[in-house]
Amino acid sequence: MGIKIQNLGPNDQLSLIAFSSTVCRLFPLHRRSDTGKHQALQAANSLVANRGPHIAEGFRKDIKIMEDQRKKNPITGIILLSDGQDTYTVHGSNGNQ
């Protein structure tokens, strides 16, 4: 993750979302200056495993951020880094898993 952050270009944007028992956006999506890259590295290095990951909720938050930026940034992507298997069950509208 640190390599990705350090290699961000001047027009690249980054937001970091932590997902464990809760989902939290650590900072908003915007361009990363050298200071911003340093802050992003600090945030990434501060992450610790806490219970099981809630991957589905993490993706929901990611997708919302991307949809909100669609007109400004037509090219987007998500990089998912996890230390384990999703431990939460997501039920569809019909009650199935």
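This text walks through a predicted model of a protein chain, from its fold to its core and its surface.

Start with the fold. The protein chain contains 3 helices and 2 strands. Along the sequence, these elements follow the pattern α-β-β-α-α. Contacts reach far along the chain. Take those between residues at least 6 apart in sequence: 61% of them join residues at least 24 apart.

Now go inside. The protein chain has 97 residues, and 29% of them count as buried. The largest nonpolar core holds 9 residues. Its members are Ile 5, Leu 8, Leu 14, Leu 16, Phe 27, Ala 40, Leu 41, Ala 43 and Ala 44. Two elements, strand E1 (13–19) and helix H2 (34–46), each give this core at least two residues. H2 provides the largest share, with 4 residues.

Ile 5 shows how one core member is placed. Set aside its neighbours within four places in sequence. Ile 5 then contacts Leu 14, Lys 37, Ala 40, Leu 41 and Ala 44. Of these partners, Leu 14, Ala 40, Leu 41 and Ala 44 also belong to the core.

Turn to the outside. The protein chain exposes about 7,100 Å², and carbon and sulfur atoms supply 50% of that area. A nonpolar patch lies on the surface, formed by Met 1, Leu 26, Leu 47, Ile 79 and Leu 81. Together these residues have about 450 Å² of accessible area.

Consider Ile 79 within this patch. Ile 79 sits in the segment after helix H3 (55–69). Is Ile 79 buried or exposed? Its relative accessible area is 57%, so Ile 79 counts as exposed, the cut-off being over 50%.

Technical notes
Residues are numbered from 1 along each chain as its sequence is written. This is a predicted model: local features need pLDDT of at least 70, side-chain atom pairs count only at pLDDT 80 or more; totals for chains, interfaces and linings use all residues. Side-chain values use heavy atoms; hydrogens and water are left out. Buried means under 20% relative accessible area, exposed over 50%, partly exposed in between (1.4 Å probe, protein chains only). Contact means heavy atoms within 4.5 Å. Accessible areas come from the Shrake-Rupley method with a 1.4 Å probe; for residues, only the protein chains shown count as cover. Patches are made of residues with over 30% relative accessible area and no salt bridge: like charges are joined within 9 Å, nonpolar side chains (Val, Leu, Ile, Met, Phe, Trp, Tyr) within 5 Å. A salt bridge is a side-chain nitrogen of Lys or Arg within 4 Å of a carboxyl oxygen of Asp or Glu. A nonpolar core is a set of buried Ala, Val, Leu, Ile, Met, Phe, Trp, Tyr and Cys residues joined through side-chain atoms within 4.5 Å.
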